[in-house]
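Here are my notes on this one, written as numbered points so you can follow along. Keep the viewer open and find each spot as you read.

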Amino acid sequence: MKKILPLLLTAVLLMGCSQTPKEMERALSLRSRLLQASSCTFDAEITADYGEVIQTFSMNCAADPQGGVSFRVTGPKSIAGITGTLSKQGGALTFDETALYFNLLADGQLSPVSAPWALMKALRGGYLTSAGMENDQLRVSVNDSYEEDALNLDVWLDSADIPQRADICYAGKRILSLKLENVQIS
């Protein structure tokens, strides 16, 4: 019996350590819902921080099951109506006598208009680094890749595990923030 007791205690400890914390389970559940969904639509207010200049604009977004995102710019009024699509292969913009130009961020990896695509890419397949409660929201941290130059995202979920806002960071600095509304996962 004395020989079995240490083995039994070790097994119990290992089983306890292998359990996924509830917060991480919620993050994984969101990922599963997004991967199984036929669509995810949301409105995003995006703020880009260039250091000396901050730009804010808003978009209606729709993500498809293949990981692509289509969008329509809704503000500011000077660029409203511009539409586009983004995917791993690239993107396309459609506009009527209006040019949409934003400086690139994160050493050329990202533009503000591609923030919704980067968010969906990270939530669907990025490396979940941590999850924990912050006030009444679940904060999930995700790296978009395993590369040295990965984008780091912090995403806050409400009690129904719906994304409410996100920060995209590069090299330790927040470069983009998204405020999400009307999120529908179906």
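**Notes on the fold**

1. Start with one facing pair: Asp167 stands opposite Ser177, which sits in strand β10. Asp167's strand, β9, and β10 run antiparallel and are joined by six bridges. β10 covers residues 173–185. Bear in mind while you look that this is a predicted model.

2. Now look at the other partner of β9. Strand β8 (residues 152–157) also runs antiparallel to β9, again with six bridges between the two. A handy pair to click on here is Val155, which faces Ala166 in β9. So how well covered is β9, the strand at residues 163–170? Mostly covered: six of its eight residues are buried.

3. Next, the turns. β8 and β9 make a hairpin with five residues between them, and β9 and β10 make another, with two residues between the strands. Each has a residue worth a second look. In the β8–β9 loop it's Asp161, and in the β9–β10 loop it's Ala171.

4. What do the backbone angles look like there? Asp161 has a phi near 60°, which is positive even though the residue isn't glycine. Ala171 also has a positive phi, about 55°, and it isn't a glycine either. Those are worth flagging because most residues other than glycine have a negative phi.

5. Are these two turn residues buried or exposed? Asp161 has a relative accessible area of 11%, and the cut-off for buried is under 20%, so Asp161 counts as buried. Ala171 has 70% relative accessibility, and exposed means over 50%, so Ala171 counts as exposed.

6. One more backbone oddity, in another part of the chain. The peptide bond joining Gly75 and Pro76 is cis, with omega about 5°. To find Pro76, go to the loop between β3 (69–75) and β4 (83–87). I'd point it out because most peptide bonds are trans.

7. On to the inside. The largest nonpolar core has 46 residues. Those with the most contacts inside it are Phe42, Ile46, Met59, Leu119, Ile168, Leu176 and Leu178. Helix α3 (residues 115–125) supplies the largest share of this core, with seven residues.

8. Why call α3 largely enclosed by the rest of the structure? Because nine of its 11 residues are buried. Among them are Trp117, Leu119, Met120 and Leu123, and Arg124 is on the buried list too.

9. Phe42 is a nice residue to explore by hand. Leaving out residues up to four places away in sequence, Phe42 touches Met59, Asn60, Cys61, Pro116, Met120, Leu180, Glu181, Asn182 and Val183. Notice that Pro116 and Met120 are also among the buried residues of α3.

10. What about the cysteines? The structure holds zero disulfides. Take Cys40: its sulfur is 9.3 Å from the closest cysteine sulfur, in Cys61, which is too far for a bond, since a disulfide needs the two sulfur atoms within 2.5 Å. Cys40 is buried, with a relative accessible area of 4%. Cys169 is buried as well, at 15%.

11. Stepping back to the whole chain, you should find three helices and 10 strands. Along the sequence they follow the pattern α-α-β-β-β-β-β-α-β-β-β-β-β. Buried residues make up 40% of the 186 residues. Of the contacts with a separation of 6 or more, 43% are between residues 24 or more positions apart. The chain exposes about 10,800 Å², and carbon and sulfur atoms supply 53% of that.

12. Finally, how far does the predictor trust its own model? The average pLDDT is 85, and 80% of the residues score at least 70. Among the elements, β8 has the highest mean, 98, while helix α1 (residues 4–17) has the lowest, 43. Over residues 5–19 the pLDDT stays under 50, and the model has zero contacts for them beyond four places in sequence.

Notes:
Residues are numbered from 1 along each chain as its sequence is written. This is a predicted model: local features need pLDDT of at least 70, side-chain atom pairs count only at pLDDT 80 or more; totals for chains, interfaces and linings use all residues. Side-chain values use heavy atoms; hydrogens and water are left out. A nonpolar core is a set of buried Ala, Val, Leu, Ile, Met, Phe, Trp, Tyr and Cys residues joined through side-chain atoms within 4.5 Å. Buried means under 20% relative accessible area, exposed over 50%, partly exposed in between (1.4 Å probe, protein chains only). Helices (H or I, at least four residues) and strands (E, at least two) are DSSP runs, numbered from the N terminus. Contact means heavy atoms within 4.5 Å. Two strands pair if DSSP finds at least two bridges between them. Accessible areas come from the Shrake-Rupley method with a 1.4 Å probe; for residues, only the protein chains shown count as cover. pLDDT is the predictor's confidence in each residue, from 0 to 100.
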